[in-house]
Amino acid sequence: MSHSTDLSHTIDLARVTSAESDRELLLSLYSVAHLVFAWYGIAFFLFAAPQTVRIETFSLANLLPEAFAVSGLLLAYVTVLRVPAFEDFQKRAKVIIVGGAACAVAALILGAAHAFGYLPSVVLSVIASVVGGYAIGVTALLALEFAAGFKRTTFAVCLCASMICGIMLFCTMSLIGMWACVICFIALSAAGSLCGVCYAKGLVETDNPERLLAAQAFDRLMLNSKTGWFFVLYGITVGLVVGEVNESQAIGGDSLWIAGSLGFAAGTAVSLWLMVKNQNRMQIGVIQRSVFPVFVVGLLPWTMVSENLAAVTYALIFAGCAMFVAFAFDTHCFLSKEYSVPPLYPIVLGSRSFVKGLLAGSLAAIATFAVSAIPDLLQYAKLAMIAILAVLVTFVREERDRTEGSDAASAASSSSVESVSQKADDEGASRRAGAWKRSCAGLVEQYSLTSREAEILELALKAYSAEHIAETLCISAHTAKTHVYHIYQKLRINSRKELLAIFEECLEKEKAATRHEAS
């Protein structure tokens, strides 16, 4: 009978594990689909929108849609932490649905602008670019926030796979034609709205995030404001080159855009390899310096030597951009977990400087083309950027690797748990176990924890990581992290250290009550 019961239990456990694995895979695919829509949309508004301005020769009007699209993107970064609609996931679901619809409408407007004359095309392109830029910016941030709930390796795979798929899909559609880009983007917008429906129907595990002031999140994350200059100046560099690419496309230079897309895909692939290889390290500081020579070589005025070298420069710049962006978001995912901060905060606070730089670079490109009296002014601006970046790399320290501190904190957390257990040794083994269990039960009752949260609380107090908890209870890592986050919310705490402090207080009270009864 016992053997039959054990066999039945093993089969049930296997079924649960299989179901959780399948669900984790589906959530990963959901995340990739949402992110592909976001990356395609960003490329669409940066590179396709300028081509809708119908004029015979290149002019400043070609760059206006790009600048307005980046402005809309920056507006999304500024408002997403401040608008109440983003504080509730049910409202966020509606935002995602409306955002997908807005992107589809913006794509149709850009398609119409491509068919009209000069003045209507400029006005329509600018309006569609700023609206679409904002909508796709919000979509990208919310998609990244959801993906950050996975374990770090899964997040890296989802992020890099979506970056490659999104950019290469746009490159393929752009070679076919403007309407191919528009139709593909409308289809992706429908998929993006479907993601919002999944949120609204509760098909995706979500919960309302902790509400923080931006300054509180910045302090808790211990972000180094000086390293923000890397984001700003690298953003300016990319903005200058994006303007140059749009100029080349306006005069029939599709090969340069293809080179840039391939460089972006290659940089993303290298980033994924490095992330998986060094998944226990925070590498943004190394990347901040490593991409410097890549940018320098790409910024050199090779076109003055030979036009054939222009494709190489674009490939290098976009490869460096892909590596920097990928590792920036990987770092934001790590910081979110390390300091128990909702992932939207590090994603926004950590990378909005890059978008500011991108806007500044786009405006600088417009300014250089406006001063037609100075030939090759953009090339001189790129040389000036090399000098500025050299000063930055020389005098500004890169972001330090927090994983060493994380390992020390983990060891301290484990020793704290051991010390909590040791304090109960005074009463004997049986009394100690009873006091420990009763203290856990007291917390469960006091804070109205569910039965699953009670199981996870006990494991968390034993210094189990989220991944270890997932393995022990045969649930997905994403689910384990969600439960831990719910426990922190109910206890109104933000870290394992605070949890231990609360438990130690309960344990001391339980021991005192036990001694009082014994006396």
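Is I386 buried or exposed? I386 is buried, at a relative accessible area of 15%; buried stands for under 20% relative accessible area, exposed for over 50%, and partly exposed for what lies in between (1.4 Å probe, protein chains only). The tour returns to this residue below.

**Before starting**

The model is predicted: local features need pLDDT of at least 70, side-chain atom pairs count only at pLDDT 80 or more, and totals for chains, interfaces and linings use all residues. Residues are numbered from 1 along each chain as its sequence is written, and side-chain values use heavy atoms, with hydrogens and water left out.

**Stop 1: the whole chain**

Display the chain as a cartoon. Its secondary structure consists of 19 helices and zero strands; helices (H or I, at least four residues) and strands (E, at least two) are DSSP runs, numbered from the N terminus. Of the 519 residues in the chain, 52% are buried. Among contacts in the chain with a separation of 6 or more, 84% are between residues 24 or more positions apart; a contact means heavy atoms within 4.5 Å.

**Stop 2: I386 and its surroundings**

Select helix α13 (residues 377–395), where I386 lies. Leaving out residues up to four places away in sequence, I386 touches F292, V296, L299 and L300. Now add P293: the C-alpha atoms of I386 and P293 are separated by 9.5 Å, with their positions 93 residues apart along the chain counted as their separation.

**Stop 3: the nonpolar cores**

Next, select F44 and Y234. Within the largest nonpolar core, which has 112 residues, these two touch the most other members. A nonpolar core is a set of buried Ala, Val, Leu, Ile, Met, Phe, Trp, Tyr and Cys residues joined through side-chain atoms within 4.5 Å. The helix that gives the most to this core is α11 (residues 310–338), with 16 residues.

Centre the view on Y234. Not counting residues up to four places away in sequence, Y234 touches Q288, V291, F292, F295, F324, F354, L389 and V393. Apart from the largest core lies another, of 27 residues, including L459, L461, Y488 and I502.

**Stop 4: D330 in helix α11**

Remain with α11 and select D330, which is placed in this helix. D330 is buried, with a relative accessible area of 2%. Its contacts, neighbours within four places in sequence aside, are R152, F155 and M275.

**Stop 5: α11 against α12**

Show α11 together with α12. Their axes come within 9 Å and cross at roughly 155 degrees; axes are lines fitted to C-alpha atoms, for helices over the stretch in contact, and angles run from 0 to 180 degrees between N-to-C directions. The two helices, α11 and α12, are therefore roughly antiparallel to each other. Angles under 35 degrees count as roughly parallel, over 145 as roughly antiparallel, 65 to 115 as roughly perpendicular and the rest as oblique.

The crossing of α11 and α12 is right-handed. A crossing is right-handed if the near helix is turned clockwise from the far one by less than a right angle, and left-handed if anticlockwise. To see the contact, select C321, F324, V325, F329, H332 and S336 in α11, which meet P346, I347, G350, S351 and F354 in α12. By class, this contact has seven nonpolar, four polar and no charged residues; Ala, Val, Leu, Ile, Met, Phe, Trp, Tyr, Cys and Pro count as nonpolar, Asp, Glu, Lys and Arg as charged, and the others, Gly among them, as polar.

**Stop 6: α2 against α12**

Keep α12 (residues 344–370) and add α2 (residues 64–79): the pair packs at an angle of about 160 degrees, with axes 9 Å apart. Helices α2 and α12 are therefore roughly antiparallel to each other, and α2 passes α12 in a left-handed crossing. On the α2 side, the residues include L64, V70 and Y77; on the α12 side, they include R352, K356 and L363. The classes here are 13 nonpolar, three polar and three charged residues.

Which helix holds L363? L363 lies in α12 and, at 46% relative accessibility, counts as partly exposed. The C-alpha atoms of L363 and L64 are separated by 8.9 Å, although the two residues are 299 residues apart along the chain.

**Stop 7: two loop residues**

Select S448, in the loop between α15 (429–446) and α16 (451–461). S448 is not a glycine, yet its phi is positive, at about 55 degrees. S448 is exposed, with a relative accessible area of 54%.

Finish at R492, in the loop between α18 (477–491) and α19 (496–518). R492 also has a positive phi, near 55 degrees, in a residue other than glycine. R492 is exposed, with a relative accessible area of 79%.
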